[in-house]
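This report is written for a reader who is meeting the structure for the first time. It follows one sheet and then turns to the residues packed around it.

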Amino acid sequence: MSFRLDPVTGPGMSNAATTEEGKKANSSTHECGCHCGYIKFSVTLSPPLPEYEVVNCNCSACIRFGYLLIYPEAADVKWHNDGRSRCASYEFNTKAKSQLFCPKCGASLGIDFRDVFKPQKYGISARTIYGVNLDELNLKKFDGINMVKPTGDLAGHYWDEEKGEMK
């Protein structure tokens with residue numbers, strides 16, 4: 001089992017179930033949410049969490065937001081009580097994806113990749129899973145600071161829409 005970053009389908013697992021029937025048999029569903037409970041959702045993972053490679057990325061966003069990411073397809077994330085529309089978002093750099101947060105308690109929830117990958121995916125922070133034991137996660141280090149374009153630490157920089165350049 002290994003983590004891959006495919007430019008078309010996005011991040012994923014190389015041994016993930018490919019059929020709907022195989023996906024259901026080899027999956028796990030988890031209740032998730034922010035710290036205060038304002039945003040709640042469930043996520044179904046294939047393979048199940050104990051086998052899933054959770055990405056520990058060193059890019060500027062993942063480091064500062066405390067992300068340990070899982071990458072379900074959008075169809076495998078069920079937002080409760082209109083939770084997705086309750087999320088606050090932050091966009092930087094190319095503004096092609098939204099960092100999701102709770103507007104009440106500030107908890108980092110993950111990333112909405114919107115149209116970046118087909119099918120659409122989320123990068124959900126494993127820290128949002130209720131009852132998760134971080135010591136039991138199968139962590140995979142990913143060198144996002146050098147592998148994801150544009151490379152480098154983007155903290156403290158912003159994209160100037162008028163000039164089309166990073167400031």
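Strand β4, which covers residues 40–45, is joined to β7 by four bridges, and the two strands run antiparallel. Strands here are DSSP runs of E with at least two residues, numbered from the N terminus, and two strands count as paired if DSSP finds at least two bridges between them. The model is a predicted one, in which local features need pLDDT of at least 70 and side-chain atom pairs count only at pLDDT 80 or more, while totals for chains, interfaces and linings use all residues. Residues are numbered from 1 along each chain as its sequence is written, and side-chain values use heavy atoms, with hydrogens and water left out.

On its other pairing, β4 is joined to β3 by six bridges, again in an antiparallel arrangement. Together the three strands form an open sheet in the order β3-β4-β7. Because β3 (28–33) and β7 (77–80) stand at the edges with a single partner strand each, one side of each is left without a neighbour in the sheet. From one strand to the next, the twist averages 20°, an angle taken between lines fitted to C-alpha atoms in their N-to-C directions, on a scale from 0 to 180 degrees.

Some of the residue pairs across these strands are listed here.

| Residue in β4 | Residue opposite |
|---|---|
| Phe41 | Cys32 |
| Ser42 | Lys78 in β7 |
| Val43 | Val77 in β7 |

The hairpin of β3 and β4 has six residues between the strands, and Gly37 takes a positive phi near 90° there.

Phe41 also has contacts (heavy atoms within 4.5 Å) beyond its neighbours within four places in sequence, including Trp79, Leu109 and Ile124. Phe41 is named again in the largest nonpolar core, which has 38 residues, and of these Ile39, Phe41, Val54, Ile70 and Trp79 touch the most other members. Such a core is a set of buried Ala, Val, Leu, Ile, Met, Phe, Trp, Tyr and Cys residues joined through side-chain atoms within 4.5 Å.

Ser46 lies in the loop between β4 and β5 (53–57). Ser46 is buried, with a relative accessible area of 12%, where buried means under 20% with a 1.4 Å probe and protein chains only. Its side chain reaches the backbone oxygen of Asn26 at 3.0 Å.

Definitions and conventions:
Buried < 20%, exposed > 50% of the residue type's maximum accessible area, 1.4 Å probe, protein only. Polar contact = N/O pair within 3.5 Å; in protein donor to acceptor, adjacent residues only side chain to side chain.
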